[in-house]
Amino acid sequence: MIVSRCNLLTSRRSNQSSRAAIERQAWWRRLLIRGIVLMLGIVGYQFATKALAEWTSIHHVSISGVKLMKRGDILALLALPTESSLWMVDSTTLQQRLEVHPRIASASVGRALPHTLAVVIDERVPAASFHHAGGQLFVDQDGVVLSIAPEDVMSVLPAFSGLSAIRLLEGDAATRDQTRLGVEVARLLRERSYSQVRIHFHGPNKIVAAVDGVTYWFNQHVQGAWEQYLTLESTILAGLPTEPYQIDLRYSDKVIVRQRG
């Protein structure tokens, strides 16, 4: 009996040792397989990354929406690396770089596979020239000051006067609002005449515009006043004197026509 028990214990210990050895071997095999898979994954990722970068390398930058800015200036703002790919660039960062420029109102950057970076720009363009004691500035439709304007459009731009150059340059909200109203007045008048429009600002409630010998008076309610005038225009024109005249559109219920001395 004692011998049999000793043999049984010895057999159990032997079996346990065998199982432990088998489990260790299995663990090492799993570790080796995982290591191989990891290495293959790293190598595959590096290969795929390189292949994708080559396949999506930027060969061309398409720029649309530009009227006055030069292509080279826009490329300089993008500051793309010498070797860059569509897969690697951050379109949000590129967009922010462009929109920092004062001549750019907004921009968007997209990808056109396989090799084109597509840039769309909403460029600020001169909507009026502003004469002041220190010289001349140019403003866009939002009242943003632009440093220069092309010579071929300067002569046809509406000419503004009476604004504060300092407040305009500082981006004063009220001055910009006045400028936007002036641009809107000029737009409405230019729809009916190709002559240059001259606009003088006497304050937020008095905008005086002159074109083709006629003087128009507006306040901040430009669109409504103009629509009212258009409904009465044929009657007004039929009874106009031959001398220069003024049309006062500052009232909500009437249009006043005066002779100019």
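Me: Where does Ser-193 lie?

Reply: Ser-193 lies in the loop between α6 and β8 (198-203). Helices (H or I, at least four residues) and strands (E, at least two) are DSSP runs, numbered from the N terminus. This is a predicted model, in which local features need pLDDT of at least 70 and side-chain atom pairs count only at pLDDT 80 or more, while totals for chains, interfaces and linings use all residues. Residues are numbered from 1 along each chain as its sequence is written, and side-chain values use heavy atoms, with hydrogens and water left out.

Me: Why is Ser-193 called buried?

Reply: Buried means under 20% relative accessible area, exposed over 50%, and partly exposed in between (1.4 Å probe, protein chains only). Ser-193 has a relative accessible area of 8%, so the residue counts as buried.

Me: What makes the pairing of Ser-193 and Asp-212 a polar contact?

Reply: A polar contact is a pair of N or O atoms within 3.5 Å; within protein, one must be able to donate a hydrogen and the other to accept it, and residues adjacent in sequence count only if both atoms are side-chain atoms. The side chains of Ser-193 and Asp-212 are joined by such a contact of 2.5 Å. Leaving aside neighbours within four places in sequence, Ser-193 is in contact (heavy atoms within 4.5 Å) with Val-211 and Asp-212.

Me: Why are Asp-177 and Arg-180 separated by about one helical turn, and what joins their side chains?

Reply: The two residues are three apart in helix α6, so about one helical turn separates them. Their side chains meet in a salt bridge, with 2.3 Å from N to O. The term requires a side-chain nitrogen of Lys or Arg within 4 Å of a carboxyl oxygen of Asp or Glu. Asp-177, at 39% relative accessibility, counts as partly exposed, and so does Arg-180, at 33%.

Me: How many salt bridges are there by this rule?

Reply: The count comes to nine. One of them joins Arg-103 and Glu-123, whose closest N and O atoms are 3.9 Å apart. Arg-103 lies in the loop between α3 (91-99) and β2 (104-112) and Glu-123 in strand β3 (residues 116-123), so the pair ties together parts that are 20 residues apart in sequence. Both Arg-103 and Glu-123 are buried.

Me: Which residue forms a salt bridge with Glu-233, and is Glu-233 buried or exposed?

Reply: The partner is Arg-192, with the closest N and O atoms 2.4 Å apart. This pair links distant parts of the chain, Glu-233 being in helix α7 (residues 222-238) and Arg-192 in the loop between α6 and β8, 41 residues apart. Glu-233 has a relative accessible area of 12% and is therefore buried, whereas Arg-192 is partly exposed at 47%.

Me: How do you know that the end-to-end distance of α7 agrees with the expected span?

Reply: The expected span of a helix is 1.5 Å times one less than its number of residues. For the 17 residues of α7 the span should be 24 Å, and the end C-alpha atoms are 24 Å apart, so the two agree.

Me: Which residues have the most contacts inside the largest nonpolar core?

Reply: They are Ile-199, Tyr-216 and Leu-249, in a core of 33 residues. A nonpolar core is a set of buried Ala, Val, Leu, Ile, Met, Phe, Trp, Tyr and Cys residues joined through side-chain atoms within 4.5 Å.
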